Amino acid sequence: YMDQGKLADAEAMFQRALVTFEKTLGTNHVSTLMMANNLGILYNDQGKLANAKAMYQRALAGKEDALGPHHQSTLRTVDNLGKLYKDQGKLTEAEAMYKRALAGFENTLGPDHSSTLETVNNLGNLYQDRDDLTEAEAMYKLALAGFEKALGPDHSLTLETVNNLGNLYKDQGKLTEAEAMYKRALAGFEKILGPDHKSTLETVNKIGRASCRE
């Protein structure tokens, strides 16, 4: 339901699962905590940021206790909290969460793991929001090189980072470079998602804007 954009239906399923896990397994069981994290993701997508924060904080506290602060699942919730703080405009708090997640992923999974690289990309997004475009470009390029090596040039995570680089170059006024990134992303999205997917169509729109010269 989440993948289909049916967020109300997804919320009903997640809440039903959460209540059942709480009843049968307890409030601090790993399955319960993962469901709380999933609800946090859903609430974040719905723009219910206060509800999302409550779910993430509950999941994080439980995972730290049950799995430890450096477990992959714990670190993913830390990363999710970083995204939430970024959406709230709390960039200092977001950076702290991302850096904590990044250090943990690098230590437990290595610098080339997709979870590590996703957090690097997230840091790029944060630095771009903060208008620190040099740092953002460094993060995007690091993430892109890693994704290309680990996942290939046409994986969705690779293409999203290509798109992010396009956005960055556009913000820098480098419209030729931006257009090249967008066209690369478009070709990939058309190949793996089809011409009518939201990501494909959004990239078409970006190419149109980048192609406009004043």
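This is a short tour of a predicted model, stop by stop, with what to select at each one.

Residues are numbered from 1 along each chain as its sequence is written. Local features need pLDDT of at least 70 and side-chain atom pairs count only at pLDDT 80 or more, while totals for chains, interfaces and linings use all residues, and side-chain values use heavy atoms, with hydrogens and water left out.

**Stop 1: the start of the chain**

Select tyrosine 1, in the segment before α1 (7–24); helices here are DSSP runs of H or I, at least four residues, numbered from the N terminus. Tyrosine 1 is partly exposed, with a relative accessible area of 47% (buried is under 20%, exposed over 50%, partly exposed in between, with a 1.4 Å probe and protein chains only). Now show what tyrosine 1 touches beyond four places in sequence: Lys6, Asp9, Ala10 and Met13 (contact means heavy atoms within 4.5 Å). Then add glycine 194, which is 193 residues from tyrosine 1 in sequence and 20 Å from it in space, C-alpha to C-alpha.

**Stop 2: helix α10**

Select residues 198–211, the 14 residues of α10. Their expected span is 20 Å, and the end C-alpha atoms are 20 Å apart, which agrees (the expectation is 1.5 Å times one less than the number of residues). Colour Thr200, Thr203, Ile207 and Ala210, which are buried. Looking down the axis, you will find the buried residues within an arc of 85°, so they line one face of the helix (the arc uses directions from the helix axis to the C-beta atoms). Exposed Lys198 and Arg209 sit on the face turned away from the buried side. Among the elements covering the buried residues are α8 (156–171) and α9 (175–192).

**Stop 3: asparagine 121**

Move to α6 (residues 114–129) and pick asparagine 121. Is asparagine 121 buried or exposed? At 9% relative accessibility, it counts as buried. Its side chain makes a polar contact of 3.4 Å with the side chain of threonine 161 (a pair of N or O atoms within 3.5 Å, where within protein one must be able to donate a hydrogen and the other to accept it, and residues adjacent in sequence count only if both atoms are side-chain atoms). Beyond four places in sequence, asparagine 121 is also in contact with residues including Tyr140, Ala143 and Asn164.

**Stop 4: the largest pocket**

Finish by selecting Asp45, Lys83, Glu118, Leu157 and Glu160, the residues nearest the centre of the largest pocket among the 41 that line it (on a 1 Å grid over the protein atoms alone, a pocket is an open set of points where a 1.4 Å probe fits, with protein on both sides within 12 Å along at least five of seven lines; lining residues have an atom within 4 Å of a point). Helices supplying at least two lining residues each include α2 (30–46), α6, α8 and α10.
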